[in-house]
Amino acid sequence: MDRPGDLVELEDRWLLPYRGMQVIQIRVSYQLTLLLDSGAQVDVETEAELSTLRAPDRVKARLLPARQDVAPALILFGATVLSSVAFKSGSLRLGFDTGMQLKVKPDARYEVWSAHGPGRWPAPVLPARRWRRSVAMRRGDGNQWA
């Protein structure tokens with residue numbers, strides 16, 4: 001049985017433990033940070049796409065954190081996470097109750113996103129070629145990361 005805070009592994013993805021958590025703060029520096037009400041946070045460090053859940057392949061806005069070009073992401077303030085998925089390819093997909101979806105694609109050269117908490121597990125996403133090995137090494141006891 002999965003406990004709150006557990007990372008659930010499926011064949012091609014992990015379900016991150018953010019469902020039902022609300023975005024209570026958005027920070028902008030050289031990355032875009034979504035701070036969740038549990039104390040967890042998601043950092044986006046490379047280009048991301050913001051779209052609607054109804055038309056996920058239709059990009060509403062491109063977010064460029066390195067240039068602080070992330071204004072469209074402000075719509076996520078106060079939103080509740082409905083779905084949080086880290087694919088084994090290294091990409092991230094977050095779905096929100098506002099009907100918005102945030103997607104981050106993997107990059108062969110850079111850490112593209114990272115997630116921290118709740119609890120003690122960090123999940124930095126290394127360049128795509130090292131992602132699967134890194135996740136395997138970070139797994140702790142049960143479904144929680146060490």
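**A strand-rich chain and its pockets**

Strands S9 and S10 form a hairpin in which 3 residues lie between the two strands, and Gly99, placed in the turn, has a positive phi of about 90 degrees. The model described here is a predicted one. Within this hairpin, strand S9, which covers residues 92-96, pairs with S10 in the antiparallel sense over 4 bridges, and Arg93 stands opposite Lys103 of S10. Strand S10 is mostly covered, since 4 of its 5 residues are buried.

The hairpin belongs to a wider arrangement. The chain contains 1 helix and 12 strands, and, when the elements are read from the N terminus on, they follow the pattern β-β-β-β-β-β-β-β-β-β-β-β-α. Of the 146 residues of the chain, 45% count as buried. Strands of a sheet pair through backbone hydrogen bonds, and the pairing is either parallel or antiparallel. In this model, an open sheet of 7 strands has the order S1-S2-S8-S9-S10-S6-S7, and its pairing is antiparallel. The edges of this sheet are formed by strand S1 (8-9) and strand S7 (59-63), each of which pairs on one side only.

Strand S6 stands between S10 and S7 in the order of the sheet. With S10, strand S6 pairs in the antiparallel sense over 5 bridges, and the bridge partner of Ala48 in S10 is Val104. With S7, strand S6 is joined by 4 bridges, again in an antiparallel run, and here Leu50 has Ala61 of S7 as its bridge partner. Strand S6 is mostly covered, with 4 of its 5 residues buried.

Strands S6 and S10 also take part in the lining of a pocket. The largest pocket has a volume of about 240 Å³. It is lined by 16 residues, of which Thr46, Glu47, Ala48, Leu64 and Pro65 are the closest to its centre. The elements that give two or more residues to this lining are strand S6 (48-52) and strand S10 (100-104). When the lining of the largest pocket is divided by residue character, 7 residues are nonpolar, 1 is polar and 8 are charged. Ala48 thus appears in two descriptions, as one of the residues closest to the centre of the largest pocket and as the bridge partner of Val104 in S10.

The second largest pocket holds about 160 Å³ of space. Its lining is made up of Asp6, Val8, Leu15, Leu16, Pro17, Tyr18, Arg19, Leu82, Ser83, Ser84 and Val85. Strand S8 (residues 81-87) provides the largest share of this lining, with 4 residues. By character, the lining of the second largest pocket divides into 7 nonpolar, 2 polar and 2 charged residues.

Leu82, one of the residues that line the second largest pocket, is found in strand S8. Is this residue buried, exposed or partly exposed? The relative accessible area of Leu82 is 39%, and because this value lies between the limits of 20% for buried and 50% for exposed residues, Leu82 counts as partly exposed. The C-alpha atom of Leu82 is separated by 8.1 Å from that of Met21, although the two residues are 61 residues apart along the chain.

Among side-chain arrangements, Lys88 lies over the face of Trp14, at 4.9 Å from the ring centre. A pair of aromatic rings is described by the distance of the centres and the angle of the planes; the structure, however, holds 0 aromatic pairs.

Two features of the backbone remain to be described. Most residues other than glycine have a negative phi, and most peptide bonds are trans. Gln68 is not a glycine, yet this residue has a positive phi of about 60 degrees. Gln68 is placed in the loop between S7 and S8, and is partly exposed, with a relative accessible area of 39%. The other feature concerns the peptide bond from Gly117 to Pro118, which is cis, with omega near 0 degrees. Pro118 lies in the loop that runs between strand S11 (113-116) and strand S12 (122-124).

Terms used. Residues numbered from 1 in each chain as written. Predicted model: local features only at pLDDT ≥ 70, side-chain atom pairs only at ≥ 80, totals over all residues. Heavy atoms only, no water. Phe/Tyr/Trp six-rings, centres within 6.5 Å; stacked < 30°, edge-to-face > 60°. Lys NZ or Arg CZ within 6 Å of the ring centre and 35° of its normal. 1 Å grid on protein atoms, 1.4 Å probe; cavity = no way out; pocket = protein on both sides within 12 Å on 5 of 7 lines; lining within 4 Å. Points joined across faces, edges and corners; volume = space filled by probe spheres on them. Nonpolar A, V, L, I, M, F, W, Y, C, P; charged D, E, K, R; others polar. Pairing = 2+ DSSP bridges. Buried < 20%, exposed > 50% of the residue type's maximum accessible area, 1.4 Å probe, protein only.
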